[in-house]
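Colleague: I should like to learn how the features of a structural model are read. Could we work through one example together?

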Amino acid sequence: MSNPKGATVIVVGGGVSGLSAAWWLARSGVDVLVLDKGIVGWEASGRNGGGASHYQSPLFAEEQRLWPLMDEMLGYTTEYQRGKIVLATTEGQLKHYKYVAQMFTEQGSPSHEIDRQEIRERVPMSGDNILGGVHLTIAGQANPQRTVQGYAWAIQDLGGRILQHTPVLRLVSEGGKVVGVETRDGILNCDSVVVAAGPQSASLLAGIGIDLPIAAARAEMIVTEPAPMMAIGAVDGNGLYGRQTKRGNLAYGGGPHEWLDVGPSGPSARPGSPLIRNLTKRLYGLFAKAPSLRVIRSWAGVIENTPDGRPVIDRIDNVTFVTMSSVGFGLSPASGHAVRDLVMDGKCSFADLEKLSLKRFDGLDKDWREQKGWVSRSETL
Ligand SMILES: Cc1cc2nc3c(=O)[nH]c(=O)nc-3n(C[C@H](O)[C@H](O)[C@H](O)COP(=O)(O)OP(=O)(O)OC[C@H]3O[C@@H](n4cnc5c(N)ncnc54)[C@H](O)[C@@H]3O)c2cc1C
């Protein structure tokens, strides 16, 4: 059964990667349809720390250019804030954070070490256990739920369509090209497809002979009762990332992660592992002078990791695919722009995507996950 009510471009996956790509395509006047098996942003995209500072990425400059413009471009707030302080409780952390500040500076974003007095003034909840810290002047963070909502509304404002609760069962190809996607209601036709299905991109792409090496891991976050408002909303450190919400809650996450096997219906990570106790302990290490705050919420999300930890953004024939390897929220304004360029022009107009190409994994051993130890120790979820 073929349903001609597809679209010129079908985007599989309504996380930030798929939504941003669809938004950029809709901005260019393309007839675009996003399909999500659940609701938009329900997986990693609505559950992350909101960090937007990926200095190691070829998309960094575009990430930093776009975020301050996003509220105006989307027409909706993302609660983006610029500037971040990162605090260390060990010499090892301090060394690493100083290196990060140096990398930011080398890329044109002056960042510097701050002394204990400045730390006490800017982060009054930090305690005497803090050895030092850095101020990353342009690193930023936004509210993931608001951002997902903003992308989704902006796509629809531009005439794009979003169908939720519509799993794509397979990509349908004819004569070597994808001509549509199969859903429970039949086949939706398209001229080209964007696969942005998070951990499930691998199985969808495998169906048309594309091998995308990713390993899924559970990451967790905790949220506390509101704390006194800090002048700077983004204070990372002690191995944690996160933000203070507009209401004052501290929303934080951080490794270690737990490796997962992803079953046919996708991941269903649940919180409640020992990671939560570990996160809570480290949060009180970061803010030792915070008043007693209860952890009021926690959740888990699944991130997909490539063997070298960098995203894959690539195109083969009329199939463009994007998998963000744990840095997809912050990079989403830029990744969507890159996907739009690949779909419409065949190449990215603002960055060299060579480092993000799939071909860098040519010749990868089949058992690369086992070799890295990135395997689940539990049952398939
Ligand atoms: C706890 C946590 C903290 C994080 N912190 C940060 C951070 O601070 N900064 C940062 O940049 N990144 C962070 N990340 C990573 C970031 O959230 C992800 O890289 C990003 O959200 C990936 O977005 P995505 O759209 O590619 O994938 P996803 O968000 O996984 O979205 C994929 C979508 O595809 C849909 N889908 C799957 N299969 C199908 C199918 N067959 N048919 C239709 N739809 C399908 C799913 O329902 C889902 O909505 C964090 C992640 C977690 C879990």
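The dialogue below goes from the whole chain to single residues.

Colleague: What should be settled before any value is read?

Modeller: This is a predicted model, in which local features need pLDDT of at least 70, side-chain atom pairs count only at pLDDT 80 or more, and totals for chains, interfaces and linings use all residues. Residues are numbered from 1 along each chain as its sequence is written, and side-chain values use heavy atoms, with hydrogens and water left out.

Colleague: How many helices and strands does the protein chain have?

Modeller: Helices (H or I, at least four residues) and strands (E, at least two) are DSSP runs, numbered from the N terminus. In the protein chain there are 11 helices and 18 strands.

Colleague: What does the radius of gyration say about the protein chain?

Modeller: The radius is taken over C-alpha atoms, and the globule rule is 2.2 Å times the number of residues to the power 0.38. For 381 residues a compact globule would come near 21 Å, and the protein chain agrees, with 21 Å. Along its principal axes, the C-alpha trace spans about 65 × 45 × 40 Å.

Colleague: How are burial and surface read?

Modeller: A residue is buried under 20% relative accessible area, exposed over 50%, and partly exposed in between (1.4 Å probe, protein chains only). Of the 381 residues in the protein chain, 58% are buried. Its accessible surface, by the Shrake-Rupley method with a 1.4 Å probe, is about 16,600 Å², and carbon and sulfur atoms hold 50% of that.

Colleague: What share of the contacts joins residues at least 24 apart?

Modeller: Contact means heavy atoms within 4.5 Å. Counting contacts between residues at least 6 apart in sequence, 73% join residues at least 24 apart.

Colleague: Which residues does Ser111 touch?

Modeller: Ser111 is located in strand E5 (residues 111–114) and is buried, at 11% relative accessibility. Leaving aside neighbours within four places in sequence, its contacts are Ala101, Phe104, Thr105, His135, Leu136 and Thr137. A polar atom of the Ser111 side chain lies 3.5 Å from the backbone nitrogen of Thr137.

Colleague: Is His135, one of those contacts, buried or exposed?

Modeller: His135 is buried, with 10% relative accessibility, and belongs to strand E6 (residues 132–141). Beyond residues up to four places away in sequence, His135 touches several residues, among them Lys84, Ile85, Arg122 and Ile232.

Colleague: Where are the two glycines, Gly46 and Gly209?

Modeller: Gly46 is in helix H2 (residues 44–47) and counts as buried because its relative accessibility is 9%. Not counting residues up to four places away in sequence, Gly46 touches Gly41, Pro144 and Gln145. Gly209 is in the loop between helix H8 (201–206) and strand E11 (215–226), and its relative accessible area of 66% makes it exposed. From Gly209 to Met70 the C-alpha distance is 36 Å, with their positions 139 residues apart in sequence.

Colleague: Which phi values deserve a second look?

Modeller: One case is Glu79, which is not a glycine and yet has a positive phi of about 60°. Glu79 sits in the loop between helix H4 (70–74) and strand E4 (81–88) and is buried at 16% relative accessibility. Ser325, also a residue other than glycine, has a positive phi near 50°. Ser325 lies in the loop between strand E18 (319–323) and helix H10 (328–345), where it counts as buried at 1% relative accessibility.

Conventions: A polar contact is a pair of N or O atoms within 3.5 Å; within protein, one must be able to donate a hydrogen and the other to accept it, and residues adjacent in sequence count only if both atoms are side-chain atoms.
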